[in-house]
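Q: Please take a close look at the nonpolar patch on the surface of this model, and then place it among the other local features.

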Amino acid sequence: SRVLATSYWQTPFLPTDIESSWRWVDASGRKHPNINPALSKEQVVNSDLPPCQLSMYTPRGSWKLTINKDTDKEGWMYAVHWQVSSWNSSSGWFDAVRKRRWTREFA
């Protein structure tokens, strides 16, 4: 997610946000490599749960959001940009990106 001059977070939309505009990204801020290829970009962006699949494995449970001392109450972590080494559990004045960690067990 990104926040600019507005006061709300939204999916990245700038011309330079080619990869991150997919909303579901890997740790480097690039389109996640396991996004279901059958889904359109619009379906991916509008998904509330990770639209990822691992073709060689079967899910053993549902997606779980990581919430701990390093996140806010909704599981978000905030930073100035994707490649920083430290993320904060609350949004600061200069923070422009945020992320959450989702996990799921596979067999």
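A: A nonpolar patch here joins side chains of Val, Leu, Ile, Met, Phe, Trp or Tyr that lie within 5 Å, from residues with over 30% relative accessible area and no salt bridge. In this predicted model, L54, M56 and Y57 make such a patch, with an area of about 340 Å². Y57 sits in the loop between α1 (41-45) and β1 (64-65). Its relative accessible area is 45%, and because partly exposed covers the range between 20% and 50%, Y57 is classed as partly exposed.

Charged side chains give another local feature. The structure has 1 salt bridge, in which the side chains of K69 and D70 meet at 3.3 Å, N to O. K69 is exposed, at 72% relative accessible area, whereas D70 is partly exposed, at 39%.

The backbone has a feature of its own at R23, a residue in the segment before α1. Most residues other than glycine have a negative phi. The phi of R23, however, is positive, near 75 degrees. The relative accessibility of R23 is 28%, so this residue counts as partly exposed.

Last comes the largest pocket, which has a volume of about 650 Å³. It is lined by 23 residues, and W24, V25, R100, R101 and W102 are the closest to its centre. By type, the lining consists of 12 nonpolar, 7 charged and 4 polar residues.

Terms used:
Residues are numbered from 1 along each chain as its sequence is written. This is a predicted model: local features need pLDDT of at least 70, side-chain atom pairs count only at pLDDT 80 or more; totals for chains, interfaces and linings use all residues. Side-chain values use heavy atoms; hydrogens and water are left out. Patches are made of residues with over 30% relative accessible area and no salt bridge: like charges are joined within 9 Å, nonpolar side chains (Val, Leu, Ile, Met, Phe, Trp, Tyr) within 5 Å. Accessible areas come from the Shrake-Rupley method with a 1.4 Å probe; for residues, only the protein chains shown count as cover. A salt bridge is a side-chain nitrogen of Lys or Arg within 4 Å of a carboxyl oxygen of Asp or Glu. Helices (H or I, at least four residues) and strands (E, at least two) are DSSP runs, numbered from the N terminus. Buried means under 20% relative accessible area, exposed over 50%, partly exposed in between (1.4 Å probe, protein chains only). On a 1 Å grid over the protein atoms alone, a cavity is a set of points where a 1.4 Å probe fits but cannot get out, and a pocket is an open set with protein on both sides within 12 Å along at least five of seven lines; lining residues have an atom within 4 Å of a point. Grid points are joined across faces, edges and corners, and a volume is the space filled by probe spheres set on the points. Ala, Val, Leu, Ile, Met, Phe, Trp, Tyr, Cys and Pro count as nonpolar, Asp, Glu, Lys and Arg as charged, and the others, Gly among them, as polar.
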